[in-house]
Amino acid sequence: MSGSRQPRPRPLSPHLQIYRPEINMVMSIVHRITGAALFLGTVLLVWWLWAAASGPAYFDYVNGLWSSFLGRAVLLGYTWALIHHALGGVRHLIWDTGRSLDIESVDRLSWMTVLGSAALTMVVWVAGYWMKGAL
């Protein structure tokens, strides 16, 4: 029995503590987080629509919550998540065509998603306040 061979330990898979965070890795994680945030934000949107259908008193209450500082912060986050997730989907659509798959192009598209989502969110909010007459 002294000649029996013990199985060699199997190598462990690398994990997040091994890898240096790259922009495309971060974008993959953020894309999943924004997808979950969009689900929760859509539940809040349904709540607002339900309030509108329930009557003016309840609608005024819910609208007052959305008009508060915290409510607007949630709406700003929802707007950014929606735009960021959509731009991430466009990025994946480009990759599905077989284009821009080299690492330089992947990084460039990832940064364009970050910058584009921030810029477009600001454009949407400025346009909203402008149309409301608050600017």
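**Exercise 1. Locate His31 and determine whether this residue is buried or exposed.**

*Solution.* Step 1: His31 belongs to helix 1, which covers residues 23-54; helices (H or I, at least four residues) are DSSP runs, numbered from the N terminus. The model is predicted: local features need pLDDT of at least 70, side-chain atom pairs count only at pLDDT 80 or more, and totals for chains, interfaces and linings use all residues. Residues are numbered from 1 along each chain as its sequence is written, and side-chain values use heavy atoms, with hydrogens and water left out.

Step 2: Buried means under 20% relative accessible area, exposed over 50%, and partly exposed in between (1.4 Å probe, protein chains only). Because its relative accessible area is 18%, His31 is buried.

Step 3: Leaving aside residues up to four places away in sequence, His31 touches His85, Gly88 and Gly89. Contact here means heavy atoms within 4.5 Å.

**Exercise 2. Compare the span of helix 1 with its expected value, then describe its buried residues.**

*Solution.* Step 1: The expected span is 1.5 Å times one less than the number of residues. Helix 1 has 32 residues and should therefore span 46 Å; its end C-alpha atoms lie 45 Å apart, which agrees.

Step 2: The buried residues of helix 1 are Ile23, Met27, Val30, His31, Thr34, Leu38, Gly41 and Ala51. Their cover includes helix 2, helix 3 and helix 4.

Step 3: Just after helix 1, Gly55 adopts a positive phi of about 135°.

**Exercise 3. Carry out the corresponding analysis for helix 3.**

*Solution.* Step 1: Helix 3 (residues 69-96) contains 28 residues. From first C-alpha to last it reaches 40 Å, close to the 40 Å expected at 1.5 Å a residue.

Step 2: Gly71, Thr79, Ala81, Ile83, His84, Gly88, Arg91 and Trp95 are buried in helix 3. Helix 1, helix 2 (56-67) and helix 4 (103-132) are among the elements that cover them.

Step 3: Gly98, just after helix 3, has a positive phi of about 90°.

**Exercise 4. Characterise the overall fold and dimensions of the protein.**

*Solution.* Step 1: The secondary structure comprises 4 helices and 0 strands (strands being E runs of at least two residues). From the N terminus, the order is α-α-α-α.

Step 2: The radius of gyration, taken over C-alpha atoms, is 23 Å, whereas a compact globule of 135 residues would have one near 14 Å. The globule rule is 2.2 Å times the number of residues to the power 0.38.

Step 3: Along the principal axes, the C-alpha atoms fill a box of roughly 85 × 40 × 25 Å. Of the 135 residues, 19% count as buried.
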